[in-house]
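Reader: I would like a close look at one part of this model, the place where two of its domains meet. Please keep to what can be computed from the atoms.

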Amino acid sequence: MAGRLADRIVRSGPIPYPEFVEACLYDETHGFYASGGAAGRRGDFLTSPEVGPLFGAVLARWMDDVWEALGQPGGFTVVEAGAGRGTLARAVVAAGPRCLEAGTYLMVERSAVLRADQPSGIGFASSAHLPDGGITGVVVANELLDNLPFGLLAADGDQWRSVRVGLEADQLVEVLAEECLPPVDIAPVPGARIPDQGSAAAWTTGALESLDFGALLVVDYTSTTTEMATRPVDQWLRTYRGHQQGGRPIDDPGSQDITVEVAVDQLPEPTSTTDQATFLAAHGIDDLVAEGRQTWTEQATTGDLAAVRGRSRIVEAEALRDPTGLGGFTNLEWRVGC
Ligand SMILES: C[S@@+](CC[C@H](N)C(=O)[O-])C[C@H]1O[C@@H](n2cnc3c(N)ncnc32)[C@H](O)[C@@H]1O
């Protein structure tokens, strides 16, 4: 990947940052996701669905709440964007939400390698693209927006300049390129860098347009552009590989995940914003944990699978609610016609 990027720079000059991120993550041959990078215990980073099935069970309750608010329509669709291998899809369907009794769970995932491992059969569908429109239901994106290609701007005197990836002594380096306007109104401060998350904003607008009636839920680690301008770039633009923080984004491109905190001030205004711990509490995590604890207490001596699953909910809930970890994520919700 580094060699191919270097050839491209020699041919056409320094690469705009979004195109660099796009290649590192999604190049069909050498990109991180195309070559098997993924969430999960055996993957490169752990997400809420990968902690265990409890997260999906809570989301199933949220989906039923939306379905109730819409008057229990038939043909309800759950669209999950960035569905990976379908871990969340399996957990939601296993929880048996009423909205899916006559509905469909559509997993949208751009990596063909990950799509090949998704569940199939009645009630499941899979695609590389979001539907254009006509959805009555919900669109859910867990840790997708932080993974969409983004631009990088650096303060240079009284201007913002876009950062590109160039070549120096055969090594990839960051170079300051053309002057540009920031994505939100923010003055350049010496040393400041900010992300341009136009593709996350465009994705959100597209997801809202796909919904005739229902809700969009985005779960991610978030910040604001102004706040990021005051922090060192390596605090909000991170890389991961094999559950460890990786190197600089320009190091060994394609071998590591590149992720950015989501600047909520660059997105359309949501209907509501909560932290994950609050969202989970509002949608019944305590009941589900109490149910699990009771099953464990009643059936622990037989040690059957239901008992072990019941006990596992207690541990999963701790991880999902941890305010310094997944519990501190932000849940952004947009309602459309309900
Ligand atoms: C960080 S992973 C999260 C996976 C899963 N949602 C989870 O929480 O475990 C992001 C996933 O989004 C996929 N992805 C990135 N851009 C996408 C897009 N525009 N449409 C659908 N999937 C996309 C990636 O291939 C990757 O599998």
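Author: What follows describes one domain interface and then a small sheet. The model is predicted, and every value below is computed from it. The domain assignment splits the chain into three parts: domain 1 (2–32 + 150–196), domain 2 (48–148 + 198–229 + 239–247 + 256–282 + 323–336) and domain 3 (288–316). The interface in question lies between domain 2 and domain 3, whose centres, taken over C-alpha atoms, are 27 Å apart. Seven residues of domain 2 and five residues of domain 3 take part in the contact.

Together the two domains bury about 520 Å², and carbon and sulfur atoms account for 70% of that area. On the side of domain 2, 75% of the area buried against domain 3 comes from Val 51, Leu 54 and Arg 61, more than from any other three residues. Between domain 2 and domain 3 the salt-bridge count is zero, and one residue pair is in polar contact, with both residues at pLDDT 80 or more. Helix H4 (residues 54–69) gives the largest share of the side of domain 2 that touches domain 3, namely four residues. By type, that side of domain 2 holds five nonpolar residues, one polar residue and one charged residue.

Now the sheet. It is open and has three strands in the order E13-E12-E14, with antiparallel pairing. Strand E13 (244–245) and strand E14 (257–260) are at the edges with a single partner strand each, so each has one side without a neighbour in the sheet. Strand E12 (residues 237–241) is joined to E13 by two bridges, and this pair runs antiparallel. Tyr 240 has Gln 245, in E13, as its bridge partner. In general, strands of a sheet pair through backbone hydrogen bonds.

How values were computed: Residues numbered from 1 in each chain as written. Predicted model: local features only at pLDDT ≥ 70, side-chain atom pairs only at ≥ 80, totals over all residues. Heavy atoms only, no water. Domains from an automatic or database assignment. Contact = heavy atoms within 4.5 Å. Buried area = accessible area lost by both parts, 1.4 Å probe. Salt bridge = Lys/Arg side-chain N within 4 Å of Asp/Glu carboxyl O. Polar contact = N/O pair within 3.5 Å; in protein donor to acceptor, adjacent residues only side chain to side chain. Nonpolar A, V, L, I, M, F, W, Y, C, P; charged D, E, K, R; others polar. Pairing = 2+ DSSP bridges.
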